Amino acid sequence: MTRLAERTMRISSSPTMKVTATVDRLRREGVEVIDFGAGEPDFPTPAHVNAAAHEAIDRNFTKYTPVGGIAELKRAICDRYRIDYGVEYAESEVIVSAGGKQALFNTALALFNAGDEVITHAPYWPTLTEQVKLAEATPVLVRAPSDDGFAIRSRAILDAVTARTRGIIINSPCNPTGALISEDDLAAIAQEAARRGIWVIVDLCYEKLIYDRTPHNLPAVLARHSRDLAVVCGSASKAYAMTGWRCGWTLGPAALVSASNAIQSHATSNVSSITQKAAVAALTGSQEPVKAMLDEYRTRRDSLHEWLSADSRLRCLKPAGAFYLFVDISDVLSVDGCRTSTDFAQALLDEARVAVTPGEAFDAPGFVRMSYATSMENLREGSRRMLEFVRAHAPQAHAAR
């Protein structure tokens, strides 16, 4: 039997990526699938961003760059956050990485040790806890209850703090729920964390996808209350439809950025030189494509929510951000073998050819995540198939509420 490193026994593969792989396999086999599992925009990368990449190739900008990114891109990131949030960062406080995922991973490896506890909120994006485990620390989960709109409350987070707490990770807008943390709640966390010497890491990969004019200046809150112990991780992936380009970044104290640079230098080195030039164009060019995508996501969100609400057993809130509906399907479980949301998702894929991500992936059994980063035609047809599937499998006695 092959013996692998102990760390591989502590983690599991990304369940969200498993859905993507399954859909890809079925489509290659010629099976038509409506994919509500995808965690990426269906829009093309903006034309001016693509043009910048073409220009980089034409100018043979295809060599190694500094590990932490070219100065032009670092300045663009700093300028974007100054314009959007009113916060000031120096180039020495920024590192460019292969997506927001690597930004978070670098941060985990740079900050956490064996025996440390790291608090985050559940339901959660599974990579957050797996990265904590890879850093040999222990994730501590604080439940954000559905009956409170999955709100991330400071009191619950701070009640989980112990003498071993090393960090607190906040994902807002949250994947999978779309919930936001309020500025007041983050301020309370940051103030207490600063007093206790605890790091606060904020995952802002969906920061451009907030539907209403809700106060959400999290970088400024951290800058006011705990700048020396605060890390902001962002990404070009969701805002600019650049998931495949792999470009994210970390903003934080220079010592943390230097440590992340050292880690990255022995892992991936620099982000693709061509991607970096494209990201400069995305950050410094017109932001109208971002607004256009957000407006379309809002229309899709509202339509999908309305269509699924035709069956009162499928309960979901309209998310404040990101592009997922997190649907409570508990009323239609324990039927015809669908005892869990994993069973439900598999049967829905097998019978109706609709892919969703089961709630178990996010520590939320009884839910499924449905991405509306797809066409209105697919949303209409996929929701129709899902409603028919539920009607076919759920006892009629449960139809009325």
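Let me begin with a convention: helix axes that meet at angles under 35 degrees count as roughly parallel. Keep that in mind for the helix pair. One caution, too: this is a predicted model.

Helices, then. In general, two packed helices are described by the angle between their axes and the distance between the axes. Our pair is α4 and helix α11, the latter covering residues 273–284. Their angle is about 25 degrees. Their axes lie 9 Å apart. The cut-off is 35 degrees, so α4 and α11 are roughly parallel to each other. What is the hand of the crossing where α4 passes α11? It is left-handed.

Stay with α4, because we now turn to empty space, and rolling a probe the size of a water molecule over the atoms shows where such space is left. How many cavities of 30 Å³ or more turn up in a search of the whole structure? Three.

Take the largest cavity. It holds about 80 Å³ of space. Its lining has 13 residues. Nearest the centre are Tyr81, Glu207, Lys208, Ser235 and Trp249. Which helix gives the most to this lining? Helix α4, residues 71–85, with four residues. So α4 comes up twice in this talk: it packs with α11, and it helps line the largest cavity. By class, the lining counts eight nonpolar residues, four charged and one polar.

Next, the second largest cavity. About 60 Å³ of space lies here. Leu104, Thr107, Ala108, Phe112, Leu128, Gln131, Ile169 and Ile201 form the lining. Two helices, α5 (99–111) and α6 (126–134), supply at least two of these residues each. α5 gives the most, with three. And the classes? Six residues are nonpolar and two are polar. How many are charged? None; the lining of the second largest cavity has no charged residues.

Last topic: a sheet. Three strands make it up, and the sheet is open. Read across, the order is β9-β12-β11. The pairing is antiparallel. Which strands are at the edges? β9, residues 324–328, and β11, residues 357–358. Each of these edge strands pairs on one side only.

Look closer at β9 and its partner, strand β12, which spans residues 367–371. The two are joined by five bridges, in the antiparallel sense. For one position to find on screen, go to Leu325. Its bridge partner in β12 is Met370.

Note on methods: Residues numbered from 1 in each chain as written. Predicted model: local features only at pLDDT ≥ 70, side-chain atom pairs only at ≥ 80, totals over all residues. Heavy atoms only, no water. 1 Å grid on protein atoms, 1.4 Å probe; cavity = no way out; pocket = protein on both sides within 12 Å on 5 of 7 lines; lining within 4 Å. Points joined across faces, edges and corners; volume = space filled by probe spheres on them. Nonpolar A, V, L, I, M, F, W, Y, C, P; charged D, E, K, R; others polar. Pairing = 2+ DSSP bridges. Axes fitted to C-alpha atoms, helices over the stretch in contact; angles between N-to-C directions. Parallel < 35°, antiparallel > 145°, perpendicular 65-115°, else oblique. Left-handed = near helix turned anticlockwise from the far one by under 90°.
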